[in-house]
Structures are given as C-alpha cells and as structure tokens.
Amino acid sequence: MARECGLSVGHFSHAFRRTLGVAPHKWLIEQRVVLSKEELRDDGLSLSDVAAECGFSDQSHLTRAFRETVGASPGVWRRALKR
C-alpha cells in the first residue's frame with residue numbers, strides 16, 4: 001500500500017496509525033475477521049474454506065485472529081448464531 005501511495009513503508013505506517021489509530025496490518029486482520037463473520041453465516045462452508053476466502057493462511061490463522069478480535073473461536077461464534 002505504501003508503494004501505491006508513493007510513500008516509504010515507515011512514513012505510511014505512521015500516517016496510517018495516526019489517522020486510524022491502528023497499525024496497517026492489524027487493520028487488515030480486523031477487516032478479514034469482519035468478512036469472516038459474514039462467511040461463517042453460511043453453514044455450507046468449512047472453517048478452512050472461510051479462512052481461505054478471507055485471506056488467512058489457514059484455519060489456525062483464522063482461529064487465532066478471530067479469537068484475539070472477537071473473544072471466541074470462529075466455531076463457538078458460529079454455533080452461537082444458531083441459538
């Protein structure tokens with residue numbers, strides 16, 4: 001993203017953090033978690049499928065990021081939707 005904006009990585013990161021209050025990578029992971037919540041509503045998708053569709057490297061990566069952001073694993077969150 002920095003290159004597309006014509007900025008150094010350091011300058012971009014500092015400006016991004018000042019503007020949005022969060023580092024670019026953390027923002028990206030949070031956006032992927034938001035997208036994964038939408039995908040998890042589809043019971044036909046496995047957690048591995050959701051992880052791949054949302055840009056996570058694997059199901060484990062999705063689970064770690066989801067738990068850090070939401071406070072529950074994707075499986076627990078998905079089951080809570082059905083209640």
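In helix H3, the buried residues include Pro24, Ile29, Val33, Ser36 and Leu40. The model examined here is a predicted one, and H3 makes a convenient place to begin a tour. This helix runs over residues 24-40. With 17 residues at 1.5 Å a residue, H3 should span 24 Å, and its end C-alpha atoms do lie 24 Å apart, so expectation and model agree. The buried residues of H3 pack against four helices, namely H2 (9-20), H4 (47-53), H5 and H6 (74-81).

Of these neighbours, H5 deserves a closer look. Helix H5 covers residues 59-70, and its axis comes within 10 Å of the axis of H3. The two axes cross at roughly 100 degrees; because angles of 65 to 115 degrees count as roughly perpendicular, H3 and H5 are therefore roughly perpendicular to each other. On the H3 side, the contact is made by Ile29, Glu30, Val33, Ser36, Lys37 and Leu40. These meet His61, Leu62, Ala65, Phe66, Thr69 and Val70 of H5. Sorted by class, the contact between H3 and H5 has 7 nonpolar residues, along with 3 polar and 2 charged ones. Ile29, Val33, Ser36 and Leu40, which take part in this contact, are also among the buried residues of H3.

Helix H5 also holds Thr63. This residue has a relative accessible area of 17%, and it is buried because that value falls under the 20% cut-off. Leaving aside residues up to four places away in sequence, Thr63 touches Ser73 and Pro74. Helix H6 spans 74-81.

Technical notes. Residues are numbered from 1 along each chain as its sequence is written. This is a predicted model: local features need pLDDT of at least 70, side-chain atom pairs count only at pLDDT 80 or more; totals for chains, interfaces and linings use all residues. Side-chain values use heavy atoms; hydrogens and water are left out. Axes are lines fitted to C-alpha atoms, for helices over the stretch in contact, and angles run from 0 to 180 degrees between N-to-C directions. Helices (H or I, at least four residues) and strands (E, at least two) are DSSP runs, numbered from the N terminus. Angles under 35 degrees count as roughly parallel, over 145 as roughly antiparallel, 65 to 115 as roughly perpendicular and the rest as oblique. Contact means heavy atoms within 4.5 Å. Ala, Val, Leu, Ile, Met, Phe, Trp, Tyr, Cys and Pro count as nonpolar, Asp, Glu, Lys and Arg as charged, and the others, Gly among them, as polar. Buried means under 20% relative accessible area, exposed over 50%, partly exposed in between (1.4 Å probe, protein chains only). The expected span of a helix is 1.5 Å times one less than its number of residues.
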